Amino acid sequence: MVEPTHRVTVRAPAKINLHLGVGGPRADGFHPLATIYQAVGLYDDVTVADAPDWSVGLTAPIDGVPLDDDNIAIRAGRALVAHHGLDLAARITIAKGIPVMGGMAGGSADAAATLLAVDRLWDLQTSDEDLLRIAGELGSDVPFALLGGTALGTGRGEVVTPIPDRSSVWWVVVLSDEGLSTPAVYRHFDVLAPDAVADPPVPQALVDALAEGYTDEVGALLHNDLWPAARDLRPDLVDVEAQLRILGPDGVLLSGSGPTLLMLYEDVEEARSAVADLTERGFRCTIAPGPVAGAHVVTYA
Ligand code: C5P
């Protein structure tokens with residue numbers, strides 16, 4: 001009798017940072033953060049299946065995604081089986097819906113999805129605490145991709161605490177043809193802000209506005225400390241940002257380390273008409289709701 005193929009698919013969301021407060025570099029080179037993450041409705045689907053060796057592939061080829069042992073999804077799979085002292089391997093297949101090198105943590109979503117999928121594939125019953133810790137070792141944004149919703153991120157971003165968010169919003173996600181390197185943006189931040197504080201403050205006004213669900217206020221309080229560095233490295237973003245503001249969204253924001261720009265809308269029809277307008281003018285953009293759930297199983301076979 002042929003053994004059935006075990007296969008699990010997990011969907012994980014993109015993230016944005018409604019507030020990204022960045023401090024001066026720590027001894028390990030990472031930057032202390034006080035950030036408010038929100039998961040938004042752009043997703044990568046990661047399928048894992050029993051295999052003799054670890055490997056990773058994409059359902060459609062995309063430049064900039066490594067397909068060897070450097071891929072963060074393979075590192076995630078290996079880390080989880082090593083944690084359990086097992087010698088197992090899987091074929092990982094990624095269907096990408098999150099922009100690559102866009103500042104939306106697509107790689108982190110793949111790692112989070114792989115952790116959950118590998119856990120379910122072999123019924124490893126990893127505790128949430130261990131999953132979050134292993135996620136944090138893989139990358140600063142990986143624990144949040146497991147959690148989803150809206151959360152405060154501290155440490156280098158890996159320490160996540162869910163916060164109440166009664167807002168229900170639409171983001172117009174404006175893509176760039178070229179990516180930006182996260183380390184390069186942080187390095188330039190250090191040049192521009194040599195006196196950055198060691199302990200960036202939690203944005204309490206934004207936390208309160210989210211708890212109340214006041215979209216106007218949320219829009220006015222959106223903030224990203226990496227914006228000056230990103231727009232220095234990519235001066236074209238300055239003009240794009242100005243064009244987006246003219247359309248009158250509730251707020252405009254650089255996503256993470258960029259170069260993706262975000263427009264906030266409470267009303268989906270207004271968001272749709274902004275997408276239509278921008279598309280006609282040659283921009284590449286899409287729409288995504290927020291907040292949405294973190295990594296979750298969608299197929300189990
Ligand atoms: O943790 P992650 O692998 O996502 O980080 C990618 C890069 O971004 C790091 O190597 C570092 O250059 C930069 N980074 C940082 N401070 C953070 C998060 C990321 O300097 N809090």
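Which side chain has an N or O atom 2.7 Å from an oxygen atom of the ligand? I looked this up first in the model, which is a predicted one. The side chain is that of His-31.

**Entry: ligand contacts.** I then listed the surroundings of the ligand and found Gly-29, Phe-30, His-31, Leu-33, Gly-139, Ser-140, Arg-156, Thr-182, Pro-183 and Tyr-186. For Ser-140, I noted a polar side-chain atom 2.5 Å from a ligand oxygen atom. For Arg-156, I noted that a polar backbone atom lies 3.0 Å from a nitrogen atom of the ligand. I also looked up the area: the ligand taken alone exposes 450 Å², and the protein buries 72% of that.

**Entry: charges over rings.** I returned to Arg-156 and found its charged end over the ring of Phe-30, 4.8 Å from the ring centre. Both Arg-156 and Phe-30 are among the residues that surround the ligand. I recorded a further case in Arg-11, which lies over the face of Tyr-43 at 6.0 Å from the ring centre.

**Entry: aromatic pairs.** I searched the whole structure for aromatic pairs and obtained one. The ring centres of Tyr-37 and Phe-144 are 4.6 Å apart and the planes stand at 10°, so I entered the pair as stacked, given that planes under 30 degrees apart count as such. I placed Tyr-37 in strand 2 (residues 33-50) and Phe-144 in helix 4 (residues 142-147); the pair therefore ties together parts that are 107 residues apart in sequence. Lastly, I checked exposure and found both Tyr-37 and Phe-144 buried.

Methods. Residues numbered from 1 in each chain as written. Predicted model: local features only at pLDDT ≥ 70, side-chain atom pairs only at ≥ 80, totals over all residues. Heavy atoms only, no water. Phe/Tyr/Trp six-rings, centres within 6.5 Å; stacked < 30°, edge-to-face > 60°. Helix = DSSP H or I, 4+ residues; strand = E, 2+ residues; numbered from the N terminus. Buried < 20%, exposed > 50% of the residue type's maximum accessible area, 1.4 Å probe, protein only. Lys NZ or Arg CZ within 6 Å of the ring centre and 35° of its normal. Near = heavy atom within 4 Å. Polar contact = N/O pair within 3.5 Å; in protein donor to acceptor, adjacent residues only side chain to side chain. Areas by Shrake-Rupley, 256 points an atom, 1.4 Å probe, with all protein chains shown as cover.
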